[in-house]
Amino acid sequence: MANLNIRVDDELKKEAEEVLSELGLSISAATTVFLKQVVRSRGIPFELKLENYNGKKEEEQKID
């Protein structure tokens, strides 16, 4: 089994641990779930978006 060392903001780690604890998961288990989904979907398992030049996301742009 491999070790994975990552650096994250202390507050982000604390908040993530609280949420994951409620789900019954450790950060290690959640990371394994994420990596399995990356492999299964052959990409990031959620949508990544950039804001448009005016600070609005594309779907908000269409409403205006």
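## Phe34: partly exposed

Phe34 has a relative accessibility of 32%, so this residue counts as partly exposed. Partly exposed means between the 20% limit for buried and the 50% limit for exposed. The value comes from a predicted model. Phe34 sits in helix α2, which covers residues 27-41.

## The aromatic pair

How many aromatic pairs does the structure hold? There is one. Its partners are Phe34 and Phe46. Their ring centres are 6.3 Å apart, and the planes meet at 35°. The pair is tilted, because tilted covers plane angles that are neither under 30 degrees nor over 60.

What does the pair tie together? Phe34 belongs to helix α2, while Phe46 belongs to the loop between α2 and α3 (58-63). The pair therefore links parts that are 12 residues apart in sequence. Phe46 has 48% relative accessibility, so Phe46 also counts as partly exposed.

## A nonpolar surface patch

Both Phe34 and Phe46 belong to a nonpolar patch on the surface. Leu4, Ile6, Val8 and Leu12 are also part of this patch. So are Leu35, Ile44 and Leu48. Together, the patch residues have about 890 Å² of accessible area.

Phe34 can join such a patch because its 32% relative accessibility is over the 30% that patch residues need.

## A negative surface patch

Which residues gather in a patch of negative charge on the surface? They are Asp9, Asp10, Glu11 and Glu15. One of them, Asp9, is found in the segment before α1. Helix α1 spans residues 10-22.

Key. Residues numbered from 1 in each chain as written. Predicted model: local features only at pLDDT ≥ 70, side-chain atom pairs only at ≥ 80, totals over all residues. Heavy atoms only, no water. Patch = residues over 30% accessible without salt bridge, like charges linked within 9 Å, V, L, I, M, F, W, Y side chains within 5 Å. Areas by Shrake-Rupley, 256 points an atom, 1.4 Å probe, with all protein chains shown as cover. Salt bridge = Lys/Arg side-chain N within 4 Å of Asp/Glu carboxyl O. Helix = DSSP H or I, 4+ residues; strand = E, 2+ residues; numbered from the N terminus. Buried < 20%, exposed > 50% of the residue type's maximum accessible area, 1.4 Å probe, protein only. Phe/Tyr/Trp six-rings, centres within 6.5 Å; stacked < 30°, edge-to-face > 60°. Lys, Arg positive; Asp, Glu negative; His and termini not counted. Charge placed at Lys NZ, Arg CZ, Asp CG, Glu CD.
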